[in-house]
Amino acid sequence: MISRNRPALTISPSQAAMFAIGLATALAVVLIPVLPGETPLNPGDVAYQTFSTGSNVIAQEGTVLSEAQVSQIKAAGLLDNELGLADLLSATLVAVISAFMLGTYLYLFQPREVADARRLVMLGLLVVLWVAAARVFFSLTLPDSDRLYLGYMLPVAAAPMLVATLLDGGLAVIVAATTALVASFAAFQLPDARNAIATGPLESLQMASALFLSSVAGIFAVRNAERVNTYATAGVAVGVVTFVTLFAFWLLLPDRDGVDVAWMLVASGVTGLGTVVIIMGGSYILGATFGVATRIQLLELAQLTHPLLRDLQE
């Protein structure tokens, strides 16, 4: 009987499970707490639900609100952001599904670059920190009733691009999908942004598409980067794909305005520039902290003029 030696697993089932459990817990901690704020509502708006306090009905769903009714609704605290049991369960499920999909990928595909616990910690931190930043940033910029596209200035693509630079390109694509999904969920999780979907149902799809596609474009650009200027090219790719995606959804709007294009250009430019800054600084900081050398750093070491090789020659 011929025995075949199977290669040792880079990531064991227990490591993948522990990673998934830890990531799910961290994402749930980020998504569940309620951020301060309230749903915007002004006189003349249509009530998106029936507002009542006990047996006293202030306004029926679908009615045009008067100034007195809006004042009563705000005084009763009916517009304050809050998460019910269903919202809590929803956030928990998104956190668990996202974390276990990423953990399953690590176990099934065994990326060699994720060879130790430190790199797994780095991977989890990148996902959690970017989702946390997205939740806070989107809570300040959404809903975007004036169509300023401020939410798209956040360089969400930087997280998967750092994974591609420091770890593995395939893993980076999965991280891009995870961050795009969870960040979009966080953006429209709170009532003030969620109610805006009633008038713009494509907004959530627009955000998920823009975040994911721009991230993938950035991953393709930095995966085999050999020079620092490649990062600038990657930033341009992120900005261009963000703009094209936003423009494609903008063409579907019945009330589109030419000034929207200018705001899309500004948002795309800011996210592209921010991505370049984060990638250039983050790759060196994370590489030094977690013991990962980038392709650019390895090529620099291979040059005959490098001080280390000069010392060895002497």
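**Entry 1: helix α1 and its cover**

I began with what lies over the buried residues of α1, and I noted that the cover includes α3, α4 (117-141) and α6 (169-187). The model I am reading is a predicted one, and I keep that in mind for every entry below.

The buried residues of α1 that I listed are Ala-16, Phe-19, Ala-20, Leu-23, Ala-24, Leu-27, Ala-28, Val-30 and Leu-31. They cover an arc of only 160° around the axis, which is why I place them on the same side of α1. On the face of α1 turned away from that buried side, I found the exposed residues Met-18 and Val-29.

I also checked the length of α1: at 1.5 Å a residue its 19 residues should span 27 Å, and the end C-alpha atoms are 27 Å apart, so the two values agree.

**Entry 2: a nonpolar patch**

Next I looked at the surface, where Met-18, Ile-21, Val-96 and Phe-100 make a nonpolar patch of about 370 Å². Which helices supply at least two residues each to this nonpolar patch? I wrote down α1 (13-31) and α3 (85-109). Ile-21 belongs to helix α1, and I recorded this residue as partly exposed because its relative accessible area is 44%, between the 20% and 50% limits.

**Entry 3: salt bridges around Arg-147**

I then searched the whole structure for salt bridges and found two. In one, Asp-255 is paired with Arg-147, with the closest N and O atoms 3.0 Å apart. This pair links distant parts of the chain, since Asp-255 sits in the loop between α9 (229-250) and α10 (258-290), Arg-147 sits in the loop between α4 and α5 (158-166), and the two are 108 residues apart.

In the other, the side chains of Asp-260 and Arg-147 meet at 2.8 Å, N to O. Asp-260 lies in helix α10 and Arg-147 in the loop between α4 and α5, so I read this pair as tying together parts that are 113 residues apart in sequence. Arg-147, Asp-255 and Asp-260 are thus linked in a network of salt bridges.

Are Asp-260 and Arg-147 buried or exposed? I noted both as buried, and for Arg-147 the relative accessible area is 18%. As a general reminder to myself, side chains of opposite charge can pair when their charged atoms come close.

**Entry 4: positive phi values outside glycine**

While on Arg-147, I looked up its backbone as well, and phi is near 55°, a positive value in a residue other than glycine. Gln-110, which is not a glycine either, has a positive phi of about 45°. Gln-110 is placed in the loop between α3 and α4, whereas Arg-147 is placed in the loop between α4 and α5. With a relative accessibility of 15%, Gln-110 counts as buried, because the limit is under 20%.

**Entry 5: helix α5**

How many of the residues of α5 are buried? I counted nine of the nine, so α5 is largely enclosed by the rest of the structure. The buried residues include Ala-158, Pro-160, Met-161, Val-163, Thr-165 and Leu-166. For their packing partners I entered α4, α6, α8 (203-222), α9 and α10.

**Entry 6: Leu-181**

I then turned to helix α6, where Leu-181 lies. At 48% relative accessibility, Leu-181 counts as partly exposed. I also took the separation between the C-alpha atoms of Leu-181 and Ser-209, which comes to 9.2 Å for residues 28 apart along the chain.

**Entry 7: the chain as a whole**

To close, I looked up totals for the protein chain, whose secondary structure comes to 12 helices and two strands. From the N terminus on, I read the elements as α-β-β-α-α-α-α-α-α-α-α-α-α-α. Of the 314 residues in the protein chain, 43% are buried. Among contacts between residues at least 6 apart in sequence, 74% join residues at least 24 apart. The accessible surface of the protein chain is about 16,200 Å², and I noted that 65% of that surface belongs to carbon and sulfur atoms.

Methods. Residues numbered from 1 in each chain as written. Predicted model: local features only at pLDDT ≥ 70, side-chain atom pairs only at ≥ 80, totals over all residues. Heavy atoms only, no water. Patch = residues over 30% accessible without salt bridge, like charges linked within 9 Å, V, L, I, M, F, W, Y side chains within 5 Å. Areas by Shrake-Rupley, 256 points an atom, 1.4 Å probe, with all protein chains shown as cover. Salt bridge = Lys/Arg side-chain N within 4 Å of Asp/Glu carboxyl O. Helix = DSSP H or I, 4+ residues; strand = E, 2+ residues; numbered from the N terminus. Buried < 20%, exposed > 50% of the residue type's maximum accessible area, 1.4 Å probe, protein only. Expected span 1.5 Å × (residues − 1). Arc of directions from axis to C-beta. Contact = heavy atoms within 4.5 Å.
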